[in-house]
Amino acid sequence: MLITLAGCFSALAQDSLQVSVRANVKKDAIQLRWAVNSPLAWKQTNRAGFRIERYTVVRNGQILPQAEKTLLTPEPVKPQPLDKWQTLATQNNYAAIIAQALYGQNFQLSGDDARGVMKMMSMAQELEQRYLVSMYAADLSYPAAVLAGWGWEDKTVKSNERYLYRIIPVITGKMKPVQMGSVYVGLTDYQPLPQPQDLATVFGNKNVILAWNYKILGHVYNSYFIEKSTDGKTFSRLSNTPFANMNGKDGKPNDRMYYMDTLTNNSLTTYYRIIGVTTFSEEGPASIVVSGEGKNTVAYVPHIQRAVPNLQGGVDINWEFDERGNEHIQRFELQYADNNKGPFVPVLTNITPSIRNLTYNQLNVTNYFVIAAIPTEGEPILSFPVLVQPIDSIPPASPIGLQGTVDSLGVVRLSWTPNQEKDLLGYRIYRGQTKEEELIPLTDVAIRDNHFTDTLQVRNLNSKVYYAITAVDKRYNQSEKSAVSALQKPDIVPPSPPIITSYKLTDKGVQLEWVTGQEENIATLQLYRQEKGSKENTLIYTVTDTNVQSYTDETAEMDRLYGYTIKAVTKNGLSSEPSPIITIRARGQASQMGKITSFTGKRNRKDQSILLSWKHDVKEAKAFELYKGEAGKGLSLWKVTKSFETQIQDIDVKPDVQYEYVIRTVLASGKTGAVAKVNVQN
């Protein structure tokens, strides 16, 4: 379509005045249609007219060295005088509209009489109305457009030539310039008109909606005739005036055109087809024929009055439906969905039209029900949905199959067997760092998948991490925890070094006692001995049972001075630092070095402290080293006291925690001597 009413509206905002041109190629002629883009240009060109020039550019497939100019209009093309319009106007409403716009004394569609500025505005609106309505009418009647000086048919064209047409507005006096328009075309561009596309119908109760694709052929057809038939053979038009696409937004017509027609009888098959009409008033071929029958609709709608869960775990439903509608329906259906928007699916069918209540027993945790009246013809009629939630206090089963892995970066990947409960909401994850501690939840909300990813700090002393999960249903009933899954963490942190806590010289040799950091991944303990003056540190014993905490060195020789250390080794071969060296003289003179005869710890509940006291008979004591740690979690150096001190107070303690203390003598020679330990419950 060359000029549309929407196109005219959008053109009003343009500053430059110009001509738009379109050509229609017939088998033996070329038709031209043009229009200007503003009311001012329309008024000027109606007065002065247009000059049409034709340039022959190509002949016999060859571009001419110089285009041959032909002036088709020695006199400018203008609107024909009013008396020339009478014949066409009596036959064509659009011609009458254009004649009224061009020559009518009054063309005010709406508005009140006014004076001054308002009168000037009214005059401007009248000019705009004349322009817009005449452009629209010209689009629907090419003969009227030719009579108005907005169209031309060139019958002097030849099939072996191509032409450039120029439509040049005649400008005289103080007229504002209007840019010319042009189009390049030849008879070889001829193509038969296409068939309208995508015609569809929706039949209702004594009405039908027709819809077809307007956009795909919008450059060809600007309006359509709708034809109707009761036998599929003889068609008659619904109107002598073609229907144009007047619906749209922002100056753009809708992609589809719609028309509603009425039916006299729903049982009678009705046939439809459409015929497109071009800007040049040419009719294309008819579309495909579509047909159908109207549908009798039921005027009554079911309404659920009551839907109450019963003691057997089902629901009792009652509904209303006007008795007069029984003869128009085949049956009722109870339909279900898990939300109020559906889709609803039938769960009880073939409910006779006289029934108004039922019981349904297969409830889920959340149920939306509708009653559907199934008519003898047409679509089902649904009641408003109602929500039914049965009482549920039974938790889901505990999840099973929990397993997982921990990689070297501390990423934990858990998975488990999905629960089978229909009302399952999801799962909660629990984690603990030690076997004895209570597992704490990691997730505030239930996760829906049967897998979970967690992250850990792998550089700590715990060799394992512990997980469990629970299942939660949609009523927030929570299952018991699953079996705890202990996952082995990668060994990247060496264990803490053990500490030799005491020794005793016996008839068999040097008896040593020690404590470890209690890491779960310790595989062995390695006890080393180095004789004074020797550089060789000899492994004398490997402890494979980490519960063993003592060993007697029966190979120690009398009066020899030995240094003992011990290491912890993990299952993956990571070794701790050696423990502090404890120096012992075997047998003979060893008793002369002295020992710690008493080491006690007393708890003070009032100020939450522990008082440590000791006695000894070591004559060459220089200082005392005190080691501290929570029982079972390893020791570290805490304080160093002078040799004359015999007690010290620990105020950095927690309530209800058992602490382990070790005291070791440092001799004047720099060597270590007697050792003792004590456990205190705060």
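Strand β43 and strand β46 (residues 658-667) run antiparallel and are held together by 9 bridges. If you want one rung to look at, find A623, whose bridge partner in β46 is V666. Keep in mind as you go that this is a predicted model.

Stay with β43 for a moment. It covers residues 621-630, and 8 of its 10 residues are buried, so the strand is largely enclosed by the rest of the structure. It also has a second partner: 6 bridges join β43 to strand β44 (residues 636-642), again in the antiparallel sense. One of the matching spots here is K628, which has S636 as its bridge partner in β44. β43 and β44 make a hairpin with 5 residues between the strands, and in that hairpin G632 takes a positive phi near 85 degrees.

Glycine isn't needed for a positive phi, though. Take N60, a residue other than glycine with phi near 55 degrees. You'll find N60 in the loop between β3 and β4 (62-71). Its relative accessible area is 58%, and anything over 50% counts as exposed, so N60 is exposed. K206 is another case: it isn't a glycine either, yet its phi is positive at about 60 degrees. K206 sits in the loop between β8 and β9. With a relative accessible area of 45%, K206 is partly exposed.

That loop leads us to a little sheet. β8, β9 and β15 form an open sheet of 3 strands, in the order β8-β9-β15, with antiparallel pairing. Its edge strands are β8 (200-203) and β15 (256-262), each of which pairs on one side only. Ignoring direction, neighbouring strands in this sheet are turned by 20 degrees against each other on average. Between β9 (residues 207-213) and β15 there are 7 bridges, and N207 has T262 as its bridge partner in β15. As you trace strands like these, here's a handy rule: in a regular strand, side chains alternate between the two faces of the sheet.

Another backbone detail is worth a stop. The peptide bond from G342 to P343 is cis, with omega near 10 degrees. P343 belongs to the loop between β21 (329-337) and β22 (345-351).

Now for the rings. A search of the whole structure turns up 17 aromatic pairs. In one of them, W34 and F50, the ring centres are 5.7 Å apart and the planes stand at 65 degrees, so this pair is edge-to-face. The pair links distant parts of the chain, since W34 is in strand β2 (residues 30-36) and F50 is in strand β3 (residues 50-59), 16 residues apart. Are these two rings on buried or exposed residues? W34 has 0% relative accessibility and counts as buried, and F50, at 2%, counts as buried too.

Y541 and Y551 show another arrangement. Their ring centres are 4.1 Å apart and their planes meet at 10 degrees, so the pair is stacked. Y541 lies in strand β37 (residues 538-543) and Y551 in strand β38 (residues 550-553), so the two rings tie together parts that are 10 residues apart in sequence. Y541 is partly exposed, with a relative accessible area of 29%.

Rings can also gather in bigger groups: Y300, W319, F321 and F332 form one aromatic cluster. And some rings have a charged side chain over the face. R273 lies over the face of F235, at 4.2 Å from the ring centre. K481 does likewise with Y430, at 4.6 Å from the ring centre.

Our last stop is T230, in the loop between β10 (221-229) and β11 (236-237). At 52% relative accessibility, T230 counts as exposed. Which residues does T230 touch, leaving aside its neighbours within four places in sequence? They are L268, T269 and Y271. To get a feel for distances in this model, hop from T230 to L525: the two are 295 residues apart in sequence and 103 Å apart in space, C-alpha to C-alpha.

How values were computed:
Residues are numbered from 1 along each chain as its sequence is written. This is a predicted model: local features need pLDDT of at least 70, side-chain atom pairs count only at pLDDT 80 or more; totals for chains, interfaces and linings use all residues. Side-chain values use heavy atoms; hydrogens and water are left out. Rings of Phe, Tyr and Trp (its six-membered ring) pair if their centres lie within 6.5 Å; planes under 30 degrees apart count as stacked, over 60 as edge-to-face and the rest as tilted. Helices (H or I, at least four residues) and strands (E, at least two) are DSSP runs, numbered from the N terminus. Buried means under 20% relative accessible area, exposed over 50%, partly exposed in between (1.4 Å probe, protein chains only). A charge sits over a ring if NZ of Lys or CZ of Arg is within 6 Å of the ring centre and within 35 degrees of the ring normal. Two strands pair if DSSP finds at least two bridges between them. Axes are lines fitted to C-alpha atoms, for helices over the stretch in contact, and angles run from 0 to 180 degrees between N-to-C directions. Contact means heavy atoms within 4.5 Å.
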